[in-house]
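This report describes a predicted model. It covers the helices, the sheet, one residue and a pocket.

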Amino acid sequence: MIRVLLADDHLLIREALVLLLETEDGIEVAADVGRGDEAVDRALALRPDVAVLDIDMPGLDGLAAAERLSRDLPGCRLVIVTAHGRPGNLRRAMAAGVRGFLGKDAPGARLAEVIRQVAAGARYIDPQLAADALAAEECPLTPRELDTLRAAADGAPVSRIARGLGLSEGTVRNYLSAAVIKLGVHNRHAAVNTARDLGWL
């Protein structure tokens, strides 16, 4: 029996997926949650074989939850399901140890197939998303520039970003300016939005 944790913040979708998976032989939904931080907590408590994570969730997004689970619960196989197949998201998912990556437009039975594949140690990547990722340009931002943009995403002032990252305010301004220039936008808010759209945040 493959024990699955399912995380999606849309209750209707989550309930439909639970019903779908419960009809599949050899698959049991051990828990379903609506937040990324809850997904991590429940997975650490229940130790499922596979965690199926939506990318866009409150608390922690699915990729951040995957990164944490990959580190803290390496025996749990990870599957990302998303309505936003951005190439940057796929690259970040692969770096986080995700074994399955598919779009929400996939047929329902495909999810069960992917769960079985990753539980058996194989990998499944949506072919179109893989092709898009190969064709996409690499992120021009350094890890520190990305960290600074993430910290700026909620509109925090430079002083708070500096304290949170342990940097000087001048260094934070330099990182934000560099990101704005590299992305060819007018301000840090536009840089955050562009980096998010490309799946780099």
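## Helices against the sheet

Helix H3, residues 62-72, lies across strand S3 (50-54) and strand S4 (77-82), and runs at about 155 degrees to S3. Helix H1 (residues 11-22) lies across strand S1 (2-7) and S2, with an angle of about 165 degrees to S2.

## The sheet

The strands that these helices cross belong to an open sheet of six strands, in the order S2-S1-S3-S4-S5-S6, with parallel pairing. Strand S2 (27-33) and strand S6 (124-125) stand at the edges; each has a single partner strand, so one side of each is left without a neighbour in the sheet. In general, strands of a sheet pair through backbone hydrogen bonds, either parallel or antiparallel.

At one end of the order, strand S5 (residues 100-103) and S6 run parallel and are joined by two bridges. Phenylalanine 101 has isoleucine 125, in S6, as its bridge partner.

## Threonine 148

Threonine 148 is located in helix H7, which spans residues 143-152. Its relative accessible area is 0%, and the cut-off for buried is under 20%, so threonine 148 counts as buried.

Neighbours within four places in sequence aside, threonine 148 is in contact with Ile161, Leu165, Val172, Tyr175 and Leu176.

## The largest pocket

The largest pocket holds about 240 Å³ of space. Its lining consists of 13 residues, and those nearest the centre are Asp56, Asp61, Arg92, Arg196 and Leu201. Sorted by class, the lining has six charged, five nonpolar and two polar residues.

Conventions
Residues are numbered from 1 along each chain as its sequence is written. This is a predicted model: local features need pLDDT of at least 70, side-chain atom pairs count only at pLDDT 80 or more; totals for chains, interfaces and linings use all residues. Side-chain values use heavy atoms; hydrogens and water are left out. Two strands pair if DSSP finds at least two bridges between them. Helices (H or I, at least four residues) and strands (E, at least two) are DSSP runs, numbered from the N terminus. Contact means heavy atoms within 4.5 Å. Axes are lines fitted to C-alpha atoms, for helices over the stretch in contact, and angles run from 0 to 180 degrees between N-to-C directions. Buried means under 20% relative accessible area, exposed over 50%, partly exposed in between (1.4 Å probe, protein chains only). On a 1 Å grid over the protein atoms alone, a cavity is a set of points where a 1.4 Å probe fits but cannot get out, and a pocket is an open set with protein on both sides within 12 Å along at least five of seven lines; lining residues have an atom within 4 Å of a point. Grid points are joined across faces, edges and corners, and a volume is the space filled by probe spheres set on the points. Ala, Val, Leu, Ile, Met, Phe, Trp, Tyr, Cys and Pro count as nonpolar, Asp, Glu, Lys and Arg as charged, and the others, Gly among them, as polar.
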